[in-house]
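Here is a short guided tour for the bench. Keep the structure open beside the text and look up each residue as it comes along.

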Amino acid sequence: QMYLVESGGGSVQAGGSLRLSCTTSGYTARTTYMAWFRQAPGKEREGVASITKYAGDTVYGDSVKGRFTISQDNAKTTVYLQMNSLKPEDTAMYYCAAAARGLSLTGRLSPNAYDVWGQGTQVTVSS
């Protein structure tokens, strides 16, 4: 069993920055991809960014390209999401997720492709 715990959320003014962390534990050997998703009230869950566990290749959603950066530590036990130039529309619950399968480029930002999820951390951006 694999476990994911997110942290780092909070409230910030537009233009500010936050860094989210996702700490993994348990059985992680089969993990191939890690990703961040977000979900605002009344909206579908949206893929924000994904990273391959071993090669470190990244994919970003169009709405965050150039502002957000996904990364992982050398031990590959923690995944980060650096969020800069935050906008009110970035307000959402942010979730970390893990997949243990091969994924297409578009599949890497699909919630259905991920098997393990954290509880989420709230990000609120005020104007």
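## A threonine to start with

Threonine 31 is buried, as its relative accessible area is 5%; buried means under 20%, exposed over 50% and partly exposed in between, with a 1.4 Å probe and protein chains only. You will find threonine 31 in the loop between strand E3 (18-26) and strand E4 (33-39). Strands (E, at least two residues) and helices (H or I, at least four) are DSSP runs, numbered from the N terminus.

Which residues does threonine 31 contact, leaving aside neighbours within four places in sequence? They are Met2, Lys53, Tyr54, Ala98, Ala99 and Ala100, where contact means heavy atoms within 4.5 Å.

## Where the numbers come from

This is a predicted model, in which local features need pLDDT of at least 70 and side-chain atom pairs count only at pLDDT 80 or more, while totals for chains, interfaces and linings use all residues. Residues are numbered from 1 along each chain as its sequence is written, and side-chain values use heavy atoms, with hydrogens and water left out.

## The chain as a whole

The protein chain has eleven strands and zero helices. Its radius of gyration is 13 Å, which agrees with the value near 14 Å for a compact globule of 127 residues; the radius is taken over C-alpha atoms, and the globule rule is 2.2 Å times the number of residues to the power 0.38. Along the principal axes, the C-alpha atoms fill a box of roughly 40 × 25 × 25 Å.

Of the 127 residues, 46% count as buried. Among contacts between residues at least 6 apart in sequence, 59% join residues at least 24 apart. The chain exposes about 6,400 Å², with carbon and sulfur atoms supplying 47% of that area; accessible areas come from the Shrake-Rupley method with a 1.4 Å probe, and for residues only the protein chains shown count as cover.

The charges can be summarised too. The mean positions of the 12 positive and 9 negative charges are 3 Å apart. Lys and Arg count as positive and Asp and Glu as negative, with His and the chain ends not counted; each charge is placed at NZ of Lys, CZ of Arg, CG of Asp or CD of Glu.

## The E7-E8 hairpin

Strand E7 (residues 68-72) has two faces: Phe68, Ile70 and Gln72 are on the covered one, and Thr69 and Ser71 are on the uncovered one. E7 pairs with strand E8 (residues 78-83) in the antiparallel sense, over five bridges; two strands pair if DSSP finds at least two bridges between them. One of the residues to look up here is threonine 69, whose bridge partner in E8 is glutamine 82.

Five residues lie between the two strands of this hairpin. Lysine 76 is in that loop, and is partly exposed at 27% relative accessible area. Threonine 78 lies in strand E8 and is buried, with a relative accessible area of 11%. Not counting residues up to four places away in sequence, threonine 78 touches Ser21, Cys22, Thr23, Ser71, Gln72 and Asp73.

## Two positive phi angles

Most residues other than glycine have a negative phi. Lysine 76 has a positive phi, near 60 degrees. Serine 85 also has a positive phi, near 50 degrees. Serine 85 lies in the loop between E8 and strand E9 (92-99) and counts as partly exposed, at 41% relative accessibility.

## Two more loop residues

Is valine 64 buried or exposed? Valine 64 counts as buried, at 1% relative accessibility, and is found in the loop between strand E6 (58-60) and E7. Valine 64 touches Arg38 and Val48, not counting residues up to four places away in sequence. Its C-alpha is 8.7 Å from that of aspartate 90, and the two are 26 residues apart in sequence.

Aspartate 57 sits in the loop between strand E5 (46-52) and E6, and counts as partly exposed at 43% relative accessibility. Aspartate 57 and arginine 45 are twelve residues apart in sequence, yet 22 Å apart in space, C-alpha to C-alpha. Leaving out residues up to four places away in sequence, aspartate 57 touches Ser50, Ile51, Thr52 and Arg108.
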